[in-house]
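User: I should like a close look at one part of this structure, namely the empty spaces inside it and the aromatic residues found there. Please explain this part in a connected way for a first-year student.

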Amino acid sequence: GRHMAGTLLGASKLSRQQQQQRYVNRVGRLLTLHSTRPNLNWHFGVLNDNDVNAFAAPGGYVFITSGLLNMLNSEAQLAGVLSHEIAHVTHKDYLNAMRSNNLLGAALDVGAFVGNAATEGRMSGTEREFAQRVVNASKQVYARGLDKSDEYAADRAALDLMTDAGYDPYAFVEVMQKLEARSARDSSMALLLQTHPSPASRLAEMSSTLSSLNVPSNAQTLANRFQQSVR
């Protein structure tokens with residue numbers, strides 16, 4: 001996970017807007033308390049990137065680009081995006097994609113050496129080889145994207161997670177509608193559309209989950225708090 005997060009940070013640095021960083025971390029960590037893996041050492045970050053996208057890496061690393069963050073209008077919308085990425089981590093989608101496509105090769109067999117080398121404070125040749133394989137594999141996965149079924153499953157899990165955390169799940173529908181409205185004409189959407197199903201198909205897949213959710217009458221959108229923290 002650290003190597004994969006490093007790949008993302010090598011392409012786009014973290015935003016220097018510290019208030020935004022703190023706020024996104026606060027929202028993200030609240031959501032993880034309701035996830036199936038609350039005890040992971042979760043990290044959330046805003047990437048200084050005008051493209052519209054969000055990413056995750058094994059071990060609890062979640063990133064949203066400033067381009068996507070600035071497109072949102074409420075904390076509930078942000079919660080929807082972060083919940084989708086949290087689901088990729090809890091479902092181990094990126095790790096499974098690497099395994100199923102054999103992108104790491106024999107490196108999986110030497111994973112134990114990495115922990116040993118790290119605890120002893122040195123990097124062995126085996127660890128360097130492992131790290132390079134992870135970096136190369138992660139570049140392929142982020143460029144290629146996950147299976148459509150993984151994306152649909154993460155959307156469904158996101159609706160459940162944000163509802164459990166007290167947010168209005170229909171705010172995530174609003175995010176999809178925003179993406180759909182911009183997708184045909186916005187070059188900043190290119191990678192997102194290349195690696196994800198269309199927003200329209202994602203909305204269609206969400207419908208059954210939405211109809212089965214028991215959304216409380218006091219579900220929150222928290223638009224004002226979002227504006228004060230992000231704008």
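Analyst: The following account begins with the cavities, turns to the aromatic residues and ends with the nonpolar core. The structure is a predicted model.

A general idea helps at the outset. Rolling a probe the size of a water molecule over the atoms shows where empty space is left. A search of the whole structure finds two cavities of 30 Å³ or more. The largest cavity holds about 130 Å³ of space. Its lining is made up of 14 residues, and those closest to the centre are Ala 54, Leu 68, Val 81, Leu 192 and Arg 202. Two helices, α4 (75-90) and α9 (170-183), each supply at least two residues of this lining. The largest share, four residues, comes from α9. Sorted by class, the lining of the largest cavity contains nine nonpolar, three polar and two charged residues.

The second largest cavity has a volume of about 80 Å³. Among the residues that line this second cavity are Asn 53, Ala 54, Phe 55, Tyr 94, Val 141, Tyr 142, Leu 146 and His 196. Ala 54 therefore belongs to the lining of the second largest cavity as well as to the residues closest to the centre of the largest one. Strand β2 (54-57) and helix α7 (125-144) each contribute at least two residues to the lining of the second largest cavity. By class, this lining has six nonpolar, four polar and one charged residues.

Which three residues of this region form one aromatic cluster? They are Phe 55, Tyr 94 and Tyr 142, and each of them also lines the second largest cavity. A pair of aromatic rings is described by the distance of the centres and the angle of the planes. The structure holds four aromatic pairs. In one of them, the rings of Phe 55 and Tyr 142 have centres 5.9 Å apart and planes at 85 degrees, so this pair is edge-to-face. Because Phe 55 lies in strand β2 and Tyr 142 in helix α7, the pair ties together parts that are 87 residues apart in sequence. Both Phe 55 and Tyr 142 are buried.

Tyr 142 also pairs with Tyr 94: the ring centres lie 5.3 Å apart and the planes stand at 55 degrees, so this pair is tilted. Since Tyr 94 belongs to helix α5 and Tyr 142 to helix α7, the pair ties together parts that are 48 residues apart in sequence.

Tyr 94 deserves a description of its own. This residue lies in helix α5 (residues 93-100). Why is Tyr 94 classed as buried? Its relative accessible area is 8%, and buried means under 20%. Beyond the residues up to four places away in sequence, Tyr 94 touches Met 4, Ala 56, Pro 58, Glu 85, His 88, Val 141, Tyr 142 and Leu 146. Tyr 94 and Ala 57 are 37 residues apart in sequence, while their C-alpha atoms are 6.8 Å apart in space.

The nonpolar core completes the picture. In soluble globular proteins, nonpolar side chains tend to be buried together. The largest nonpolar core here has 60 residues, and those with the most contacts inside it are Leu 31, Ile 64 and Leu 78. Helix α4 supplies the largest share of this core, seven residues. Leaving aside neighbours within four places in sequence, Leu 78 is in contact with Tyr 23, Val 24, Val 27, Ile 64, Leu 69, Leu 72 and Phe 226.

Key
Residues numbered from 1 in each chain as written. Predicted model: local features only at pLDDT ≥ 70, side-chain atom pairs only at ≥ 80, totals over all residues. Heavy atoms only, no water. 1 Å grid on protein atoms, 1.4 Å probe; cavity = no way out; pocket = protein on both sides within 12 Å on 5 of 7 lines; lining within 4 Å. Points joined across faces, edges and corners; volume = space filled by probe spheres on them. Nonpolar A, V, L, I, M, F, W, Y, C, P; charged D, E, K, R; others polar. Buried < 20%, exposed > 50% of the residue type's maximum accessible area, 1.4 Å probe, protein only. Contact = heavy atoms within 4.5 Å. Core = buried A, V, L, I, M, F, W, Y, C linked by side-chain atoms within 4.5 Å. Phe/Tyr/Trp six-rings, centres within 6.5 Å; stacked < 30°, edge-to-face > 60°.
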